[in-house]
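Student: I would like to go through some side-chain contacts and strand pairings. Please show the sequence and structure.

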Amino acid sequence: MIDSLDCGGAEKSLVSLLQVIDPSRYDIDLLILDHKREKRKGLFEKYVPESINVLDFHLFGKSLFELIRKFFHYLRLSPQLRLIHSRHGTEVYWSSAHFDYKRLEKHYDVAIAYQQGIPTFYVASKVNADKKIAWINANLYNEGYDMNYCKPFYDKMDKVVAVSSGLITILSERSPWIKDKLVCIYDIVNPALIKQMAQEPIDDERFSGEEIKLVTVGRLAPPKNHLLAVETARILRDKNVKFKWFFVGDGPTRGSIEKSINEYGLQNHVILLGLKGNPYPYIQNADIYVQTSSHEGFCLTLAEARVLCRPIVSTNFDVVYDQITDHQNGLIAEMTPEKVADCILNLLNDSSLRDSLILHLEKEQNNTSVTEIEKFYTLVEG
């Protein structure tokens, strides 16, 4: 179960997992808790294998009774909206809306919440299963979750999966009560598929030209810290660097990003490409892949940039060290625009450093489609 299959690391990770599961091993139902799904399917839904049974989920029907129930749903929720600034929105929402979520009647051997928030609350409260597993693919504390609120839901889980060893450490230290349930399973990456998809042509004239091409892929949301990237772009522009910086993705912070771009006069330098079903050609053709996140659970886009052997500059968020060794397979910058700009300039001005990073990346092998699926089988069947 997952919120949606729109663009995002958890969504892409789930689809990658579903693609490598042996279909003869399990009968799988996939519940997507996206209330708008009846109007449009998520970006990644077309990649779900045909062997997976996708369940329709409708919070409200179209009968008069359901419309009345919907009215009271929003009436009950509205006084709680003011709390979202002080508590995580999903906690506020579930506290008021959980009455309207129907239980699943079917009994399952295993139920998996493949995301923190609503999927975890739903699996814990509304699903009948012999074993329950919750995935955590973000730093819950930096995301604003109240672990005192979340604890009763995680207490109902048999196992809790974190997507990096760094996240395991953070969870164990800050919420010791969850430590004995934790298992580390990295996000699965399919190198062959990524390399194949990266060969598709880019039909966008904005990506043409001789300027240095910087690329950042990710949802336009606070954890991805795109405003830091815009500040970095201003520094590069002021140093007369000839570049274009492409943001691939969309999300709630798009408006503030556009405002910052306009304030600094960076319209010709920072380009918002929007959501792309296949971001890999942009990564493949980047001179430098840049990740400016303030926090991550794992950071799947970094893994993908590594597969495509692009020179990488990343901020020093907690779990970056699970993937990047500074000056070995990428550069790690302190979380300031000046330091990120310094690393970018270092790569642009030092061809031997770029070549060294690329050479190391070419020798790396991502075997998660083999190692992590075996962990998954052990988790489910153990």
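Student: Is Asp238 buried, partly exposed or exposed?
Tutor: This is a predicted model, in which local features need pLDDT of at least 70, side-chain atom pairs count only at pLDDT 80 or more, and totals for chains, interfaces and linings use all residues. Residues are numbered from 1 along each chain as its sequence is written, and side-chain values use heavy atoms, without hydrogens and water. Buried means under 20% relative accessible area and exposed over 50%, with partly exposed in between (1.4 Å probe, protein chains only). The relative accessible area of Asp238 is 46%, so Asp238 is partly exposed.

Student: Which residue meets Asp238 in a salt bridge at 3.9 Å, N to O?
Tutor: A salt bridge needs a side-chain nitrogen of Lys or Arg within 4 Å of a carboxyl oxygen of Asp or Glu. The partner lies four residues from Asp238 in helix H9 (helices are DSSP runs of H or I, at least four residues, and strands of E, at least two, numbered from the N terminus). With a relative accessible area of 25%, this partner is partly exposed. The residue is Arg234.

Student: How far apart are the closest N and O atoms of Glu296 and Lys224?
Tutor: Glu296 lies in the loop between S10 and helix H12, and Lys224 in the loop between S7 and H9, 72 residues apart. Both Glu296 and Lys224 are buried. Their salt bridge has a closest N and O distance of 2.7 Å.
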